[in-house]
Amino acid sequence: MAETLRSMGLSFKDTGFVKLNTWFPPMLAAAHFTVTSWCKSPISVSTIELLPVPMEKVPYFVIAIMPLLAILCAIVALEATSALAPTGYQSQAPRDQKGKLDDIFGGKRGWISRLQAAQYNTFEASLCMVCSSFVAASLEHGKTLAVSKLLFAKIATLFLCLRLVYPVCYALDLDMFRTQLWLTGTYAVFMLSFAALFPETILPMLG
């Protein structure tokens, strides 16, 4: 599937400056459309109701889940390495081994190194979510929080959905889709914090 998409030009492999910056505006527009449509859609409410915590706890549930998701990526990569690498998992020098997975497998088990990379990116995304959540949970507009609990939960839920799909696209080497997921999730958390900072400007976009 990845090779088919690459043959259609839907990949950032060997991408030069012009192609990268040509794709960025439509991908950013898609991120904006996804976030605003999600916040206005009843599907977001239905998804919140599927989570095992009350609405007001959803953002904190997402923050709690993110490190677990990162660790799960690492565990799957570790288990695959221990089962498939010629010398198994090297616990004495794990970071050195992780940096050489493509060489160890001769480029045939690329999904393992990509899943390992997904772990690192998930931790980075967790940091963005924590920072934006702090801003959204702290700033008031008038006598109430600038970002309502429902909107906070909607954006957090969208972020979680995107981040659950992200490692799968990474492992399957669907790099353009993975990048779109990353961009949309990042855009969502930025909209969350800036909605708290500039409610008169951002909140109307989110419905």
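## How H9 meets H10

Let's start with a helix pair: H9 passes H10 in a left-handed crossing. This is a predicted model, so keep that in mind as we go through it. The axes of H9 and H10 cross at roughly 135 degrees and come within 6 Å. Angles over 145 degrees would count as roughly antiparallel, and the two helices are therefore oblique to each other.

Which residues make up the meeting of H9 with H10? From H9 come Met191, Phe194, Ala195, Ala196 and Leu197, and they meet Pro199, Ile202, Leu203, Met205 and Leu206 in H10. The residues of this contact divide into 10 nonpolar, no polar and no charged.

## H4 alongside H7

Now for another pair of helices. H4, covering residues 58-84, packs with H7 at an angle of about 170 degrees, and their axes are 9 Å apart. Because angles over 145 degrees count as roughly antiparallel, that description fits H4 and H7.

How do the residues of the contact of H4 with H7 divide into nonpolar, polar and charged? There are 24 nonpolar and six polar residues, with no charged ones.

## The nonpolar cores

The largest nonpolar core has 35 residues. If you would like to find its best-connected members, look for Val35, Cys39, Val147, Ile155 and Leu206, which have the most contacts inside this core. Several helices each supply at least two residues of the core: H1 (2-7), H2 (17-40), H7 (110-138), H8 (149-171), H9 (175-197) and H10 (199-206).

Ile155 is a handy residue to follow through the structure. Leaving aside neighbours within four places in sequence, Ile155 is in contact with Cys39, Ala188, Leu192 and Leu206. Of these partners, Cys39 and Leu206 are also among the residues with the most contacts inside the largest core. Leu206 appears in the contact of H9 with H10 as well.

There is also a second, separate core, made of 12 residues. Among its members are Val62, Ala125, Met129 and Ala153.

## Two aspartates with positive phi

Finally, a look at the loops. Where does Asp14 lie? Asp14 is in the loop between H1 and H2, and has a positive phi of about 55 degrees although it is not a glycine. Is Asp14 buried or exposed? With a relative accessible area of 74%, Asp14 is exposed.

Asp173 is found in the loop between H8 and H9. Asp173, although not a glycine, has a positive phi of about 65 degrees.

Notes:
Residues are numbered from 1 along each chain as its sequence is written. This is a predicted model: local features need pLDDT of at least 70, side-chain atom pairs count only at pLDDT 80 or more; totals for chains, interfaces and linings use all residues. Side-chain values use heavy atoms; hydrogens and water are left out. A nonpolar core is a set of buried Ala, Val, Leu, Ile, Met, Phe, Trp, Tyr and Cys residues joined through side-chain atoms within 4.5 Å. Buried means under 20% relative accessible area, exposed over 50%, partly exposed in between (1.4 Å probe, protein chains only). Helices (H or I, at least four residues) and strands (E, at least two) are DSSP runs, numbered from the N terminus. Contact means heavy atoms within 4.5 Å. Axes are lines fitted to C-alpha atoms, for helices over the stretch in contact, and angles run from 0 to 180 degrees between N-to-C directions. Angles under 35 degrees count as roughly parallel, over 145 as roughly antiparallel, 65 to 115 as roughly perpendicular and the rest as oblique. A crossing is left-handed if the near helix is turned anticlockwise from the far one by less than a right angle, and right-handed if clockwise. Ala, Val, Leu, Ile, Met, Phe, Trp, Tyr, Cys and Pro count as nonpolar, Asp, Glu, Lys and Arg as charged, and the others, Gly among them, as polar.
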